[in-house]
Amino acid sequence: MNRTYELMFIVRPDMTDEDLDKLISTLQSAVPAAGGTVKSVDKMGKRRLAYTVRRFNDGIYVLLVVEGGGAVIHELERRLRVTEPVIKFLTVRIDEEQKRLAKIKAIRDARRKVSAQPAAPAEEAAPPAAETPATA
Amino acid sequence: MADETKVAAPAAERPAGASGEERRPGGDRPASDRPDRPAGDRPRYGGGRGPGGPPREAGGRKFFRRKKVCKFCVEKIEDINYKDYRLLGQFVAESGKIVPRRLTGVCAPHQHRLAAAIKQARNIALLPFAGRAS
């Protein structure tokens with residue numbers, strides 16, 4: 001039962017870097033204990049909030065990608081809830097969306113190959129044209 | 001007489017209207033017709049026109065209507081993600097509302113994902129629930 005989740009949380013803006021690192025590492029250490037793995041951690045930096053949250057207008061966004069079951073999320077959310085500097089968090093399950101995107105990508109790649117094969121002169125023109133929108 | 005002026009005006013303004021429409025799928029679509037919104041708000045769209053009658057006086061009714069296309073289909077954006085608030089912001093009105101499909105031309109499957117993503121983004125304070133991000 002391995003699922004991939006994305007936890008985004010907002011920390012109060014007046015937090016120092018060391019404190020933030022400490023907070024993140026404690027969260028990370030809680031993941032293996034609950035039977036999951038941390039895929040990536042991304043400090044997205046300080047950003048203005050779209051609305052006031054607990055009388056803060058700015059916040060430091062952190063994104064945590066975690067793999068594991070519901071127990072991991074349960075534990076992480078509990079910790080986020082009791083951690084005072086965390087003003088907001090959101091958990092999103094992303095594995096099914098990733099699967100869907102991978103499928104679409106596979107279909108597009110297959111089509112590209114088919115269209116590239118039959119006509120040799122068209123081959124040069126077609127792939128770059130098809131690739132540009134995908135990367136843009 | 002009245003008829004003639006009516007016909008002539010849209011025809012003359014058509015190029016301007018067309019070029020204005022050209023930008024719609026792009027980034028500044030909401031910005032272009034948003035400023036009049038709080039004052040006039042709804043009635044402008046609803047009044048007298050059939051469904052799919054967006055604010056385009058210059059375009060003329062049956063003479064010319066630029067076919068709106070789904071931005072996500074055209075640019076092959078499949079990943080509509082709540083983190084991409086710049087992209088989502090193009091489909092949110094000044095008031096914070098999700099802009100309806102009939103105004104933006106987004107296709108149904110993509111509007112569905114778009115709406116879900118906007119709601120997620122609101123929950124994490126990337127987009128406002130109401131009003132402008134101050």
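What share of the contacts in chain A with a separation of 6 or more is accounted for by residues 24 or more positions apart? The share is 71%, and with that figure in mind the tour can begin at chain A of this predicted model.

**Overall scores**

Before selecting anything, note that the model scores ipTM 0.74 and pTM 0.64.

**Chain A as a whole**

Select chain A and show it as a cartoon, where four helices and four strands can be traced. Followed along the sequence, these elements run in the pattern β-α-β-β-α-β-α-α. If you colour by burial, expect buried residues to make up 16% of the 136 residues in chain A.

**Helices α1 and α2 of chain A**

Next, select residues 17-33 of chain A, which form helix α1, together with residues 70-82 of chain A, which form helix α2. Two packed helices are described by the angle between their axes and the distance between the axes. Here the angle is about 155°, and the axes of α1(A) and α2(A) are 9 Å apart. Because angles over 145 degrees count as roughly antiparallel, α1(A) is roughly antiparallel to α2(A). The crossing of α1(A) and α2(A) is right-handed.

To see what makes the contact, show side chains for Leu27(A), Ala30(A) and Val31(A) on α1(A), and for Val72(A), Glu75(A), Leu76(A) and Arg79(A) on α2(A). Sorted by class, this contact of α1(A) with α2(A) has five nonpolar residues, two charged residues and no polar ones.

**Arg54 of chain A**

Now move to Arg54(A), which is found in the loop between β2 and β3 (56-68) of chain A. Is Arg54(A) buried or exposed? Arg54(A) counts as exposed, because it has 10 C-beta neighbours inside 10 Å. The backbone of Arg54(A) also deserves a look, since its phi is near 50°, a positive value in a residue other than glycine. Most residues other than glycine have a negative phi.

**Where chain A touches chain B**

Bring chain B into view and select the residues that link the two chains: 16 residues of chain A are in contact with 13 residues of chain B. On the chain A side, at least two residues each are supplied by β1 (3-11), β2 (37-53), β4 (86-93), α3 (95-116) and α4 (120-135). The largest share of that side of chain A comes from β2(A), with five residues. By class, the residues of chain A that touch chain B divide into 13 nonpolar, one polar and two charged.

**Chain B and its confidence**

With chain B selected alone, the cartoon shows eight helices and zero strands, and the pattern along the sequence is α-α-α-α-α-α-α-α. Of the 134 residues in chain B, 19% are buried. Among the contacts in chain B with a separation of 6 or more, 75% are accounted for by residues 24 or more positions apart.

Colour chain B by pLDDT before going further. The mean pLDDT of chain B is 67, and 49% of its residues reach 70 or more. Which helix of chain B has the highest confidence, and which the lowest? The highest is α8 (residues 108-123) of chain B, at a mean of 92, while the lowest is α4 (residues 43-46) of chain B, at 39. Over residues 1-54 of chain B the pLDDT stays under 50, and for this stretch the model has 41 contacts beyond four places in sequence. Where pLDDT is low, the predicted coordinates should not be read in detail.

**Three stops in chain B**

First, centre on Lys76(B), placed in the loop between α5 (71-74) and α6 (85-89) of chain B. Lys76(B) has a positive phi of about 55° although it is not a glycine, and with 14 other C-beta atoms within 10 Å this residue is partly exposed.

In that loop between α5 and α6 of chain B, select Asn81(B) next. Asn81(B) is partly exposed, having 17 other C-beta atoms within 10 Å. Draw a distance from its C-alpha atom to that of Ala121(B): the two residues are 40 residues apart along the chain, yet the separation of these atoms is 8.6 Å.

Finally, select Arg102(B), which lies in helix α7 (residues 101-104) of chain B. Arg102(B) is partly exposed, with 13 other C-beta atoms within 10 Å. The C-alpha atoms of Arg102(B) and Lys68(B) are separated by 8.9 Å, although these residues are 34 residues apart along the chain.

Key:
Residues are numbered from 1 along each chain as its sequence is written. Chains are lettered from A and ligands numbered from 1 in the order in which they are written. This is a predicted model: local features need pLDDT of at least 70, side-chain atom pairs count only at pLDDT 80 or more; totals for chains, interfaces and linings use all residues. Axes are lines fitted to C-alpha atoms, for helices over the stretch in contact, and angles run from 0 to 180 degrees between N-to-C directions. Angles under 35 degrees count as roughly parallel, over 145 as roughly antiparallel, 65 to 115 as roughly perpendicular and the rest as oblique. A crossing is left-handed if the near helix is turned anticlockwise from the far one by less than a right angle, and right-handed if clockwise. Two residues are in contact if their C-beta atoms, placed from the backbone, lie within 7 Å. Ala, Val, Leu, Ile, Met, Phe, Trp, Tyr, Cys and Pro count as nonpolar, Asp, Glu, Lys and Arg as charged, and the others, Gly among them, as polar. pLDDT is the predictor's confidence in each residue, from 0 to 100. A residue is buried if 20 or more other C-beta atoms lie within 10 Å of its own, exposed if 12 or fewer, and partly exposed in between; C-beta atoms are placed from the backbone.
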